[in-house]
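Here are my notes on the model you sent over. I have grouped them by region, so you can follow along in your viewer.

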Amino acid sequence: MDIAERPINFTRGVPAEETFPLDLLAECAASAIRGSHAQQVMQYGPSLGFSPLREWLANKHDVPTDHVMLANGSLQFLDFIGLGVLQRGDRVLVESPTYDRTLTLLRRHGLQIGGIPLQDDGPDLAALEAVLGQEVPKLMYVIPDFQNPSGATMSLAKRERLVALARRYDVRLLEDAPYRPLRYRGTQLPALFDLAPERTLYMSSFTKQISPGVRVGYLLGEPAMLKKLAKVAEDTYITPNLVGAAAVYEFCQRGYLDNQLKSLRTLYSERMDVLCTTLRELLPSAKWIEPDGGFFLSITLAEGTTNEALRKNAAALQLNLSDGRGFFPVPSDGERFLRLPFCALTPDEIREGVRRLAQAVQQTSNQPVGAV
Ligand SMILES: Cc1ncc(COP(=O)(O)O)c(C=O)c1O
């Protein structure tokens with residue numbers, strides 16, 4: 001089918017299917033099941049997860065092994081924190097916008113969510129300080145590197161100041177860093193966990209590095225905290241997915257991860273560049289934060305454009321968009337916000353998608369308010 005007739009999805013932030021390292025993973029999965037760890041992998045195991053992978057991660061992040069916990073993907077840690085550490089009604093701060101599933105989980109646990117406006121270089125720390133002066137939250141959730149959904153990266157100055165504020169007001173930080181290994185330009189900044197390991201829980205996973213289907217996420221933190229979470233994990237699933245963790249361990253231990261990340265960076269950085277160039281050319285009125293890595297770029301549309309009207313006009317052009325309001329603690333703040341995930345689209349699909357988007361934006365801005 002010609003590209004002009006194909007539907008284009010600027011919706012889910014998934015990895016490109018052609019990046020899944022199928023042959024290498026098949027080799028690693030076979031070793032996981034047949035190799036020297038076979039009995040350990042097939043039996044119930046520790047709720048903290050498959051020990052060899054915990055040791056490999058501990059070594060990589062330069063922490064003792066008892067500071068590492070594994071789960072079935074990283075999102076599950078939010079659930080465990082909600083069940084084992086927080087209580088209904090507790091206050092949690094997030095960046096506004098933030099990852100939509102995090103908002104869903106925080107709401108599911110009955111937490112009070114406060115949004116700190118996001119700026120080009122991270123959360124507005126003056127706004128944060130004002131909030132902290134009134135009420136200290138139980139937790140602050142942040143995505144410092146190539147944030148989902150905005151693509152923003154927190155500057156070094158803000159990382160240092162955020163950590164200083166967290167120490168001053170005694171706030172625990174939850175750093176979500178699944179995109180951190182996917183930097184396409186500039187130099188890596190220290191993680192909040194590097195700056196304040198005593199008060200930061202750092203979560204990440206192999207979802208964006210190898211494949212979501214392996215379902216292997218990990219959390220770094222103080223052993224006393226991990227012990228609490230491991231108890232919740234044990235009561236949830238007894239032991240996490242050991243076959244997936246052992247296959248990932250083989251993949252890492254054989255040295256395949258570095259090459260995998262290199263090829264992801266090459267493929268995705270080209271896609272990001274195509275998106276930025278085409279947006280500049282076809283939608284010059286849109287505003288966005290230029291990402292340095294990750295999966296997402298998000299645009300803010302001109303005043304008067306509503307999400308619903310735009311999505312309706314886009315759908316008629318076979319362009320599927322997600323509702324920007326889902327990323328905001330106060331949904332109406334996302335009325336003009338549009339997330340554009342670029343990794344799973346080819347350069348031609350990105351160009352065609354932006355062409356349709358520009359057309360839908362044009363149609364929407366010509367429509368009288370309330371016409372859709
Ligand atoms: C910021 C963020 N956190 C967590 C996740 C969940 O990842 P996992 O597959 O490790 O559960 C995602 C997935 O898109 C994400 O964007």
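1. Let me start with a strand pair: M203 stands opposite L219 in β9. This is a predicted model, so please read each point below with that in mind. The strand that pairs with β9 here is β8 (residues 200-205), in the antiparallel sense and over 4 bridges. On another pairing, β2 (residues 68-71) also runs antiparallel to β9, again over 4 bridges. There, A71 has G217 of β9 as its bridge partner.

2. Which way do the residues of β9 point? Over residues 217-220, G217 and L219 point one way, while Y218 and L220 point the other way. Both sets are buried. So L219, the residue opposite M203, and G217, the bridge partner of A71, are on one side of β9.

3. The ligand has 13 residues around it, and the closest are G73, S74, L75, S205 and T207. By class, the shell holds 5 nonpolar, 7 polar and 1 charged residues. It may help to have β8 in view here, as residues 200-205 make up that strand and S205 is among the closest to the ligand.

4. Next, have a look at helix α5, residues 100-108. T102, L103 and L106 are buried in this helix. Looking down the axis of α5, the buried residues fall within an arc of 100°, so they line one face of the helix. R101 and R108 are exposed on the other side of α5. The cover over the buried residues includes α4 (75-84), β3 (91-96), β4 (112-119) and β6 (139-142).

5. Both sides of α5 have a backbone feature to note. In the loop between β3 and α5 sits P97, and the peptide bond joining S96 and P97 is cis, with omega about 10°. Just after α5, G110 takes a positive phi of about 70°.

6. The loop between β6 and α7 (156-169) holds P149, and the peptide bond from N148 to P149 is cis, with omega near 20°. F146 is in the loop between β6 and α7 as well. Its phi is near 50°, a positive value in a residue other than glycine. Is F146 buried or exposed? F146 counts as buried because 25 C-beta neighbours lie inside 10 Å.

7. I238 is another residue to check: its phi is positive, about 65°, although I238 is not a glycine. You will find I238 in the loop between α9 (223-237) and α10 (242-253). I238 counts as exposed, because it has 11 C-beta neighbours inside 10 Å.

8. On to the domains. The protein is divided into domain 1 (3-16 + 258-365) and domain 2 (22-255), and their C-alpha centres lie 26 Å apart. The contact between them takes 28 residues from domain 1 and 30 residues from domain 2. On the domain 1 side, the elements that give two or more residues are α11 (256-282), β11 (296-300) and β13 (337-341). The largest share of that side, 8 residues, comes from α11. By class, the domain 1 side that touches domain 2 has 15 nonpolar, 8 polar and 5 charged residues.

9. Two of those strands also belong to an open sheet of 3 strands, in the order β10-β11-β13 and with antiparallel pairing. The edge strands are β10 (287-288) and β13, each pairing on one side only. Between β10 and β11, which run antiparallel, there are 2 bridges. One residue pair to look up is W288 and its bridge partner I299 in β11.

10. Finally, what does R183 touch beyond its neighbours within four places in sequence? R183 is in contact with Q188, D292 and G293. R183 and G293 are 110 residues apart in sequence, yet their C-alpha atoms are 4.2 Å apart in space. R183 lies in the loop between β7 (173-176) and α8 (192-195). R183 is buried, because 20 other C-beta atoms lie within 10 Å.

Key
Residues are numbered from 1 along each chain as its sequence is written. This is a predicted model: local features need pLDDT of at least 70, side-chain atom pairs count only at pLDDT 80 or more; totals for chains, interfaces and linings use all residues. A residue is buried if 20 or more other C-beta atoms lie within 10 Å of its own, exposed if 12 or fewer, and partly exposed in between; C-beta atoms are placed from the backbone. The arc is that of the directions from the helix axis to the C-beta atoms. Two residues are in contact if their C-beta atoms, placed from the backbone, lie within 7 Å. Domain bounds come from an automatic or database domain assignment. Ala, Val, Leu, Ile, Met, Phe, Trp, Tyr, Cys and Pro count as nonpolar, Asp, Glu, Lys and Arg as charged, and the others, Gly among them, as polar. A residue is near a molecule or strand if its C-beta atom, placed from the backbone, lies within 6 Å of it. Two strands pair if DSSP finds at least two bridges between them.
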